[in-house]
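Got the viewer open? Grab the mouse and let's take a walk through this one, stop by stop.

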Amino acid sequence: MRALIACVLLAFSFNTLADTYDELYETAGWTEQRANFSDALTAAQQRYKNTLPPAVYQALVTNSNRRFAVNAIDQRAKQALRESLANPQPALEFFQSPLGHKVVAAETLAGRRDQLARYENGIPRMEAGSNRQLLIRHLAQALPAAEAGAEVSLALAGVAADSLSQMIPGLLGGGQAQGLLDSQRERLQQQVESDLDNTLLYIYRDLSDAELEEFVQFAQSEAGQRYYSAALQALRAGLAVGLSGNETRA
């Protein structure tokens, strides 16, 4: 009987924890950002339409729609989040707070299709006092923003390469493909980092200095660092960067 009670309680605790991960996924804006990515994917598909042969373009659309299906992204990302973040509660509590809601709203707005189109040639230069600039610099060091930006770009670009490899087997050997991926990742991160402070000043422009300081404190904290490290792993898993079409279907 004691063993049965222990098993029931253990199962209950696991189910509660799973619910916490799902709640964190929703509260931290993952669903909205996935929708933003889907819009970006559609725009990328349209750009390729006029530059690729019809058969290659159709393979690209088929592969990308399969790889980035809503359920597929959510399943891979949530699984990685569970595996990478031992305790989701501290992050959930932050994102459930008024400041957390404000942070998520700012981030999801910045990723919307209309906003990306509006500033496709660059974000305007943001004016800020020395204290705010220092806070933004600390935030830039605490958040994996450059890494995340590179992963999104690689995911969009990688679909075309995957489609070509599917039509022309052996076009890129495993080692060659990984080498190109790594070099592209490094180059993209450097591009994001070159204007990261101004980008963050723009994204979080509606946060007061006091709110920005509180956000920095969370991002720099042990709980914040654990969440953002896990979030980067979840992003990579969700977007299946570096995996072939066959591997994402496995």
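**Stop 1: T108**

Select T108 to begin. Is this residue buried or exposed? It's buried: its relative accessible area is 13%, and buried means under 20%. Bear in mind as you look around that this is a predicted model. Now colour the stretch from 98 to 110, and you'll have helix α6, where T108 sits.

Next, show what T108 touches. Skip its neighbours within four places in sequence, and you're left with G29, E32, Q33 and N36 as its contacts.

**Stop 2: helices α2 and α4**

Now select residues 30-49, which make up helix α2, and add residues 70-84 for helix α4. How do you describe a pair like this? For two packed helices, you give the angle between their axes and the distance between those axes. Here the angle is about 135° and the axes are 11 Å apart. That angle makes α2 oblique to α4, since only angles over 145 degrees would count as roughly antiparallel. Turn the view so one helix lies in front of the other: the crossing of α2 and α4 is right-handed.

Which residues do the meeting? From α2, pick W30, R34 and F37; from α4, pick V70, I73, D74 and A77. Colour them by type and you'll find five nonpolar, two charged and no polar residues in this contact.

**Stop 3: the aromatic rings**

Keep W30 on screen, show its side chain and add Y25. How many aromatic pairs does the whole structure hold? A full search turns up 11. Y25 and W30 make one of them, a stacked pair, with ring centres 5.5 Å apart and 20° between the planes. Both partners are buried: Y25 has a relative accessible area of 2%, and W30 comes in at 14%.

For another arrangement, jump to F94 and F95. Their planes sit at 75° and their ring centres are 5.1 Å apart, so this pair is edge-to-face; the cut-off for that label is over 60 degrees. These two are buried as well, F94 with a relative accessible area of 9% and F95 with 2%.

Don't stop at the pair, though. Add Y204, F215, F218, Y227 and Y228 to your selection, and together with F94 and F95 you have one aromatic cluster.

**Stop 4: A145**

Go to helix α9, residues 145-167, and click on A145. How accessible is A145? Its relative accessibility is 23%, so A145 counts as partly exposed. Leaving out residues up to four places away in sequence, A145 touches V192 and L196.

Now try the distance tool on A145 and T199. They're 54 residues apart in sequence, yet the C-alpha to C-alpha distance is 9.9 Å.

**Stop 5: the whole chain**

Finally, zoom out and switch to a cartoon view. What is the protein chain built from? It has 14 helices and zero strands. Follow the sequence and you'll pass α-α-α-α-α-α-α-α-α-α-α-α-α-α.

Try colouring by burial too: of the 250 residues in the protein chain, 38% are buried. And if you draw the contacts between residues at least 6 apart in sequence, 87% of them join residues at least 24 apart.

Note on methods: Residues numbered from 1 in each chain as written. Predicted model: local features only at pLDDT ≥ 70, side-chain atom pairs only at ≥ 80, totals over all residues. Heavy atoms only, no water. Axes fitted to C-alpha atoms, helices over the stretch in contact; angles between N-to-C directions. Helix = DSSP H or I, 4+ residues; strand = E, 2+ residues; numbered from the N terminus. Parallel < 35°, antiparallel > 145°, perpendicular 65-115°, else oblique. Left-handed = near helix turned anticlockwise from the far one by under 90°. Contact = heavy atoms within 4.5 Å. Nonpolar A, V, L, I, M, F, W, Y, C, P; charged D, E, K, R; others polar. Buried < 20%, exposed > 50% of the residue type's maximum accessible area, 1.4 Å probe, protein only. Phe/Tyr/Trp six-rings, centres within 6.5 Å; stacked < 30°, edge-to-face > 60°.
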